[in-house]
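Trainee: Got a minute to go through this model with me? I'd like to start with the aromatics and see where we end up.

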Amino acid sequence: MSRLNILGCDVDNLSMQETLGRIGEFIASGRPHQHVVINADKVVKAHRDPALKQIINECALINADGMPVVWASKLLGRPLKERVTGVDLFENLMRHSAEQGWRVFLLGAREEVVSAVADKFQAQYPALQLAGYRNGYWKPEEEAEVVRQVAEARPDILFVAITSPKKEHFLGRYQEQMKVPFAMGVGGTFDVMVGKTRRAPVWMQKTGFEWFYRFLQEPRRMFKRYFIDDMYFFVMLAKAMVKRPFVREQRA
């Protein structure tokens, strides 16, 4: 498949349906694969954290979650087919898991949130095989037990709902040990699923203003991320546009 490199981060040029097809292949193989989505925030974090960039670029599957990444791909000469958001992919995979008999493990968020997500999808898809769930709050000395719990549950899919870059580093360290065919970091998706965080209207998602809707819900917490840290993404993009070629195409 075609893989692009945009501002230092690799991304697979796949549609949602093509992404789901690849995930099906991963699960059929039985071998561990790590997935990641990139957005402006993660591109900036990867630029400043070489270890994070290495984890991202070594992932078996990488999707563009943020519209700024899609815009950058067009400006830099290799347009991505579409945005594949983590929230939409999660919902698609829960439905596919019920249809295909894939076992799912939910890891992350607060106990009341992750348990509510488990209950919601078990009710929505009675055939769903839930391998287990656990909240995302553990002490460093408890991490080995968390890894053991996931490994012993033998899920086909692991969803990790903790913050970036913690979830990427967690999966980078332990995915081989947990041996989950498909492991995906989903950030705040569990909160969205139970209505704790509201998702932006579709028009805001399509026009790239989903981040602003998120900011309005938690202005104090999100101000630094969106208005200070993530602004460097556009500095990186401007620098890249001065140079050509901007995006290199790879063959995986």
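Trainee: Which residues do ring pairs link into a cluster?

Mentor: Trp211, Phe212, Phe215, Phe223, Tyr226 and Phe227. Keep in mind that this is a predicted model.

Trainee: How many aromatic pairs does the structure hold?

Mentor: There are 15 of them. Take Phe90 and Phe190: that pair is tilted, because the ring centres sit 5.8 Å apart and the planes make an angle of 55°.

Trainee: Where in the chain are those two?

Mentor: In distant parts of it: Phe90 belongs to helix H5 and Phe190 to helix H9 (residues 189-193), so to speak a link across 100 residues.

Trainee: Are Phe90 and Phe190 buried or exposed?

Mentor: Both Phe90 and Phe190 are buried.

Trainee: Back to the cluster. What about Phe215 and Phe223, how is that pair arranged?

Mentor: Phe215 and Phe223 are tilted too, with 6.4 Å from centre to centre and 50° between the planes.

Trainee: And why does Phe215 count as buried?

Mentor: Because its relative accessibility is 12%, and the cut-off for buried is under 20%. Phe223 has a relative accessible area of 41%, so that one is partly exposed.

Trainee: New topic: Arg83. Where does Arg83 lie?

Mentor: You'll find Arg83 in the loop between helix H4 (67-75) and helix H5 (86-100).

Trainee: What does its side chain make a polar contact with?

Mentor: The side chain of Glu210, at 2.7 Å. The Arg83 side chain also reaches the backbone oxygen of Gln205, at 3.2 Å.

Trainee: Which residues does Arg83 touch, leaving out those up to four places away in sequence?

Mentor: Gln205 and Glu210 again, plus Ala64, Asp65, Gly66, Met67 and Val70.

Trainee: Okay, cavities. How many of 30 Å³ or more turn up in a search of the whole structure?

Mentor: Just one. The largest cavity holds about 40 Å³ of space.

Trainee: What lines the largest cavity?

Mentor: Gln34, His35, Val36, Val37, Lys42, Lys167, Glu168, Leu171 and Gly185.

Trainee: Which element gives the most to that lining?

Mentor: S3, with four residues. Strand S3 (34-38) and helix H8 (166-178) each supply at least two residues of the lining.

Trainee: And how do the lining residues divide into nonpolar, polar and charged?

Mentor: Evenly: three nonpolar, three polar and three charged.

Definitions and conventions: Residues numbered from 1 in each chain as written. Predicted model: local features only at pLDDT ≥ 70, side-chain atom pairs only at ≥ 80, totals over all residues. Heavy atoms only, no water. Polar contact = N/O pair within 3.5 Å; in protein donor to acceptor, adjacent residues only side chain to side chain. Contact = heavy atoms within 4.5 Å. 1 Å grid on protein atoms, 1.4 Å probe; cavity = no way out; pocket = protein on both sides within 12 Å on 5 of 7 lines; lining within 4 Å. Points joined across faces, edges and corners; volume = space filled by probe spheres on them. Nonpolar A, V, L, I, M, F, W, Y, C, P; charged D, E, K, R; others polar. Phe/Tyr/Trp six-rings, centres within 6.5 Å; stacked < 30°, edge-to-face > 60°. Buried < 20%, exposed > 50% of the residue type's maximum accessible area, 1.4 Å probe, protein only.
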